[in-house]
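Colleague: I'd like to take a close look at a single part of this model with you. Could you walk me through it slowly, as I'm still new to this?

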Amino acid sequence: MIKELKAFLFKGNVLDLAVAVIFGAAFGAIITSLVEDIITPLLLNPVLKAAGAERIAELTWNGVAYGSFLSAVLNFLVVGTILFFVVKAATKFMPKQDEVVEEVVLSNEEVLLTEIRDLLARK
């Protein structure tokens, strides 16, 4: 049962899927931060100034919360680095893929000779 679990967990496609989900979540944070903290304030900054609203985010410049965006980018880089080392270590435990053996096509004469050889070996 443990061998089956190990074979399932360390299959290439399962590990690839796990890495993709984690990278997707980290990259999603970057995109969310880009839209919410940079693009939206740039578009809404004139409206906020006209309404007399104050900037709320700590690290801002002209309404752009670049601190949150840099934090998301840094988080993505850290997660990517850690995943690189996890995948590198996990590949050591993955079963080696057998080399692809080319199928040899035998001629009719070779098939007959093989059958004769097998019959002689049985007698």
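Colleague: Let's zoom in on Ser33: is Ser33 buried or exposed, and what is its relative accessible area?

Modeller: Happy to, and one thing up front: this is a predicted model, so take everything here as computed from that model. Ser33 is buried, with a relative accessible area of 6%. The cut-off for calling a residue buried is under 20%, so Ser33 counts as buried because 6% falls under that mark.

Now let's place Ser33 in the chain. You'll find Ser33 in helix α2, which covers residues 12–51. The protein has four helices and zero strands, and the order from the N terminus on is α-α-α-α. Being buried applies to 15% of the 123 residues, and Ser33 is one of the buried ones.

Who sits around Ser33? If you skip the neighbours within four places in sequence, Ser33 is in contact with Ile38, Ser68, Phe69 and Ala72. Keep three of those names in mind, Ile38, Phe69 and Ala72, as they turn up again in the largest nonpolar core. That core has five residues in all, with Ile30 and Val64 completing the set. Both α2 and α3 (66–93) supply at least two residues each to this core. Ile38 also helps tie the picture together: leaving out its neighbours within four places in sequence, Ile38 is in contact with Ser33, Val64 and Phe69. In other words, Ser33 has contacts with members of the core, including Ile38 and Phe69.

Let's slide along helix α2 to Ala26, which is found in that helix too. Ala26 is buried, with a relative accessible area of 8%; that value is under 20%, so Ala26 gets the buried label. Again setting aside neighbours within four places in sequence, Ala26 is in contact with Phe76 and Val79. Have a look at the second of those partners: Ala26 and Val79 are 53 residues apart along the chain, yet their C-alpha atoms are separated by 7.3 Å. Pairs far apart in sequence matter for the whole count, too: among contacts in the protein with a separation of 6 or more, 68% come from residues 24 or more positions apart.

Phe76 also leads us to some rings. Phe23, Phe27 and Phe76 are linked into a cluster by ring pairs, and the count of aromatic pairs comes to three.

Phe27 has another role in this picture, on the outside. Together with Ile31, Val35, Ile39 and Leu43, Phe27 forms a nonpolar patch on the surface, and the five share about 450 Å² of accessible area. Leu43 makes a good contrast with Ser33: Leu43 is found in helix α2, but at 63% relative accessibility Leu43 counts as exposed. The cut-off there is over 50%, so Leu43 passes it. Helix α2 therefore carries the buried Ser33 as well as the exposed Leu43. For the protein as a whole, the accessible surface comes to about 10500 Å², and carbon and sulfur atoms hold 67% of that.

One last stop, away from Ser33. The structure holds one salt bridge, formed by Asp118 and Arg117, with the closest N and O atoms 3.2 Å apart. Side chains of opposite charge can pair when their charged atoms come close. Asp118 is partly exposed, at a relative accessible area of 32%, while Arg117 is exposed, at 53%.

How values were computed. Residues numbered from 1 in each chain as written. Predicted model: local features only at pLDDT ≥ 70, side-chain atom pairs only at ≥ 80, totals over all residues. Heavy atoms only, no water. Buried < 20%, exposed > 50% of the residue type's maximum accessible area, 1.4 Å probe, protein only. Contact = heavy atoms within 4.5 Å. Areas by Shrake-Rupley, 256 points an atom, 1.4 Å probe, with all protein chains shown as cover. Salt bridge = Lys/Arg side-chain N within 4 Å of Asp/Glu carboxyl O. Core = buried A, V, L, I, M, F, W, Y, C linked by side-chain atoms within 4.5 Å. Patch = residues over 30% accessible without salt bridge, like charges linked within 9 Å, V, L, I, M, F, W, Y side chains within 5 Å. Phe/Tyr/Trp six-rings, centres within 6.5 Å; stacked < 30°, edge-to-face > 60°.
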